[in-house]
Amino acid sequence: MPEKFDVIVIGAGPSGNAAAYTAAKAGLKVLQIERGESPGSKNVQGAILYSDALEKIIPDFRDDAPLERHLIEQRMWMMDDESYVGSTFRSQAFNTPPYNRYTIIRAQFDKWFSKRVQDAGALVICETTVTGLHMDGARVVGIQTDRSGGSVYADAVVLADGVNSLLAKKAGFRGELRPRDVALAVKEIHFLPETTIESRFNIGPDEGVAIEMAGKITQGMVGTGFLYTNKESLTLGVGCLLSELRAQRITPHVLIEKMKEHPAIRPLIEGGEMKEYCAHLIPEGGYNAIPPIHGDGWLMVGDAGMFVNSVHREGSNLAMTTGWLAAQTLIELRNEGKPSSAANLARYRQKLDQSFVMKDMKKYRDMPAVLEKNPQFFTQYPELINRAAHTMLLVDGTDKKSKERDVRKRFIQKRSRFGLIGDAFKLWRAFE
Amino acid sequence: MNKVEEKLFQNRYKVDAGRPHIQIADADICQLKCAEKPCVVCCPASCYTKEGDGRVTLITDGCLECGTCRVVCSENRNVLWEYPRGGYGILFKFG
């Protein structure tokens, strides 16, 4: 392949597909390389699709995208070993089209997205691993693949190669990931009849529920669990910072087994047939861990650039938006006849700064450090709150004032008065 | 409790026989210098096994390509980690 492209996009996940689609649709000559057998076969997500980001790129995506269920109910559970204290938000507003969020199955969704990319005019090549970047001095001019004679050249290369981004590391654009900046998530998919799912979760056809969990579900490690309803399957999983798994010496597949035995979860998945087990690293280092995201002839998008809002469990929407803005930058430069130099590509960073992506990343910039240094939010508080609920709800002849005193005493014993005030302040600062 | 092998049995793989995409750079470092062996603990597919004499053996056939072993080997940087050749490795049916 001696020919030259305007853009080479590496990877066919949400960020790469958004970039390739947007660039191809504007008439740029786009080559996209994917190492999987088909787009999606290497990709793992929970998965919830937030409509807004995709709608901006493909307004009519609902016509033919493989969507599982639109979410009408969001549950948050703070868990103990045998109980949870939860909140639920269920609303008809989320049950009225156009729907705001859907569960999806990535292997199917990514294939659909890739079809749209190809229809827009991009050349998509699968089963090909990019092994390195071709440099001319400090400038990226092309890629090396594992196919024979597999060098291809382009004016710009978009690194959409996911959380591990070996290419960026090899090229020296960034260092190795730190165990504290990534969460390891494991998940399973369990198949059940549609009607069983709908009766268990109190939902109608196409309606869905998402449950997010914190507390003992992670054995007190910084992390969360989740359970989502698909059309005829449930996905459930748990993710913790790698630094925590390492320090606590907990094996991830044991964590998910324990999760499935929790008395609140077991009946929901009862009788399901497990058909796949996945694992994936999620970049959760936040704003402070974002590597350089552009340079001479290259742009970085999606997970490769740490674009995940771990507090709100958002990632694929940030991925799509970064891919979209990267492509817009390249389109503008083409239209203005300017080269894709580092200085010109800085426009990508400016677009990100003005978008929700960087605003949200900045807002929660202190959160990773706060959670890492304050394990009580994942250990003592879930236990205290669950015990408090148990104490107050148990009718045993004890008067309510004495019960309140007991609850207060337990909180102060565990955290001290100043500790409680300090914790409240830390959380407020981190969310502010 | 489900063993990890039973979980992995549900997955689809195209194994690149004889060409493991991950290798231990220096077996002596695992055996002699690394008491913690975080790869053995953290690998979600249990590809790494600690042997009786402290050696670590690696079989990549069940690898989920997450990158954990490479990231977690942060002191010794003893894991040579590449993606499988195009088309090989884990093939997620659902992801």
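**Exercise 1. Describe the fold pattern of chain B and test how compact the chain is.**

Read along its sequence, chain B runs α-β-β-α-α-β-β-α-β-β. Here helices (H or I, at least four residues) and strands (E, at least two) are DSSP runs, numbered from the N terminus. This is a predicted model: local features need pLDDT of at least 70, side-chain atom pairs count only at pLDDT 80 or more, and totals for chains, interfaces and linings use all residues. Residues are numbered from 1 along each chain as its sequence is written, while chains are lettered from A and ligands numbered from 1 in the order in which they are written.

Step 1. Tally the elements: chain B has four helices and six strands.

Step 2. Apply the globule rule, 2.2 Å times the number of residues to the power 0.38. For 95 residues the rule gives 12 Å; the radius of gyration of chain B, taken over C-alpha atoms, is 13 Å, so chain B is as compact as a globular protein of that length.

Step 3. Check the confidence. The mean pLDDT (the predictor's confidence in each residue, from 0 to 100) of chain B is 96, and 98% of its residues reach 70 or more.

**Exercise 2. Describe the contact between chain B and chain A.**

Step 1. Count residues. Chain B gives 29 residues and chain A gives 42. Two residues are in contact if their C-beta atoms, placed from the backbone, lie within 7 Å.

Step 2. Find the elements. On the side of chain B that touches chain A, α1 (4-9), α3 (38-42) and α4 (68-72) of chain B each give two or more residues.

Step 3. Sort by class. That side of chain B has 16 nonpolar, nine polar and four charged residues. Ala, Val, Leu, Ile, Met, Phe, Trp, Tyr, Cys and Pro count as nonpolar, Asp, Glu, Lys and Arg as charged, and the others, Gly among them, as polar.

Step 4. Read the scores. The predictor gives the complex an ipTM of 0.97 and a pTM of 0.96.

**Exercise 3. Decide whether A210(A) is buried or exposed.**

Step 1. Locate the residue. A210(A) lies in strand β12 (residues 207-215) of chain A.

Step 2. Apply the cut-offs. A residue is buried if 20 or more other C-beta atoms lie within 10 Å of its own, exposed if 12 or fewer, and partly exposed in between; C-beta atoms are placed from the backbone. A210(A) has 20 C-beta neighbours inside 10 Å, so A210(A) counts as buried.

Step 3. List its partners. Not counting residues up to four places away in sequence, A210(A) touches I48(A), L71(A), Q74(A) and Y228(A).
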